[in-house]
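Take a look at the sequence and the 3D structure below. This briefing covers the nonpolar cores, then a buried arginine, then a covered helix.

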Amino acid sequence: MQRRFGQVLIPGLAVLLAVAGCTSGAEKDGDGRDGGKQSSSGAQQGDGRAVSPLKNPDGTKPGLAPITTKADRAAAERIIDQLLTKGRGPRTGYERDKFGYAWMDTADGVPLARNGCDTRNDLLRRDGQRLRFRSGSDCVVVAMTLHDPYTGKTIEWRKEEAAEVQIDHVVPLSYSWQMGSSRWSKSKREQLANDVLNLIPVEGRANSAKGDSGPASWLPPSTSIRCAYAARFAQVALKYELPVTAADQQMMRRQCGG
């Protein structure tokens, strides 16, 4: 089966992207929350395929590469500066089901929708290396090697140990609810929940530690990736016209030197 990555435009980013640098791409993997063994060999190093968020505005390219140059960090900061701010509202009424069932393939309006493979497996296929699929399937990943950008670890994952790799919503769904998605249509919430721009396979423990925190309360353990994480958080918020808290914006600026 052939799959084509879709393209999604993020308002206000075109000029900024023209000045951004990049690193090279990444591979693909499948299923959602999956597990495996960790290796220290990849600590604090990319997998050679991960792409800077500045060169990956629709999220279809693999991984999350560090933003390192002065020019790129300034470009990331300009993205962050576009965000609107407001106070975080109550969590009242939030339920995961209000964003559609987990990893649906039918959330129209986002890349990779309706390609015959659920969102979780799309993400594993995108970011994983040395993929092994379930017999008879080119979708369901049962084993892979994953470089986790949040911790810098390389994880040798097997489906039998599913919880070792989880799919992180960069902008958590509960966070979005408190910042305004409670008033969205269900179809727009389904887009946010399944948009590959907002999704990264990472170490399960790191994802669990994050919960529904914004950047002021949680940042990836690997300091080298924090500016890239802040830029990606801002990209998602801008695309969906979500404000962030003033404390979150301030922390995001700080990661990129502001």
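Which residues touch the most other members of the largest nonpolar core? They are L83, Y229 and F233, in a core of 45 residues. Keep in mind that this is a predicted model.

**The nonpolar cores**
- Several elements each supply at least two residues of the largest core, including helix 2 (70–81), helix 4 (173–178), helix 5 (186–194) and strand 7 (199–203).
- Helix 7 (226–239) and helix 8 (246–255) also each supply at least two.
- Helix 7 gives the largest share of this core, with 10 residues.
- Beyond its neighbours within four places in sequence, L83 is in contact with A234, A237, L238, V244, Q249 and M252.
- Another core lies apart from the one containing L83; this other core has 13 residues, among them L146, V165, I167 and V196.
- In soluble globular proteins, nonpolar side chains tend to be buried together.

**A buried arginine**
- R49 sits in the loop between strand 2 (35–39) and helix 2.
- R49 counts as buried because its relative accessible area is 10%, and the cut-off for buried is under 20%.
- A polar atom of the R49 side chain lies 3.5 Å from the backbone oxygen of R126.
- The R49 side chain also reaches the backbone oxygen of D127, at 3.5 Å.

**Helix 3**
- Helix 3 spans residues 119–127 and is mostly covered, with 9 of its 9 residues buried.
- Among these buried residues are R126 and D127.
- At the start of helix 3, a side-chain oxygen of D118 comes to within 3.1 Å of the backbone nitrogen of R120.

How values were computed. Residues are numbered from 1 along each chain as its sequence is written. This is a predicted model: local features need pLDDT of at least 70, side-chain atom pairs count only at pLDDT 80 or more; totals for chains, interfaces and linings use all residues. Side-chain values use heavy atoms; hydrogens and water are left out. A nonpolar core is a set of buried Ala, Val, Leu, Ile, Met, Phe, Trp, Tyr and Cys residues joined through side-chain atoms within 4.5 Å. Buried means under 20% relative accessible area, exposed over 50%, partly exposed in between (1.4 Å probe, protein chains only). Helices (H or I, at least four residues) and strands (E, at least two) are DSSP runs, numbered from the N terminus. Contact means heavy atoms within 4.5 Å. A polar contact is a pair of N or O atoms within 3.5 Å; within protein, one must be able to donate a hydrogen and the other to accept it, and residues adjacent in sequence count only if both atoms are side-chain atoms.
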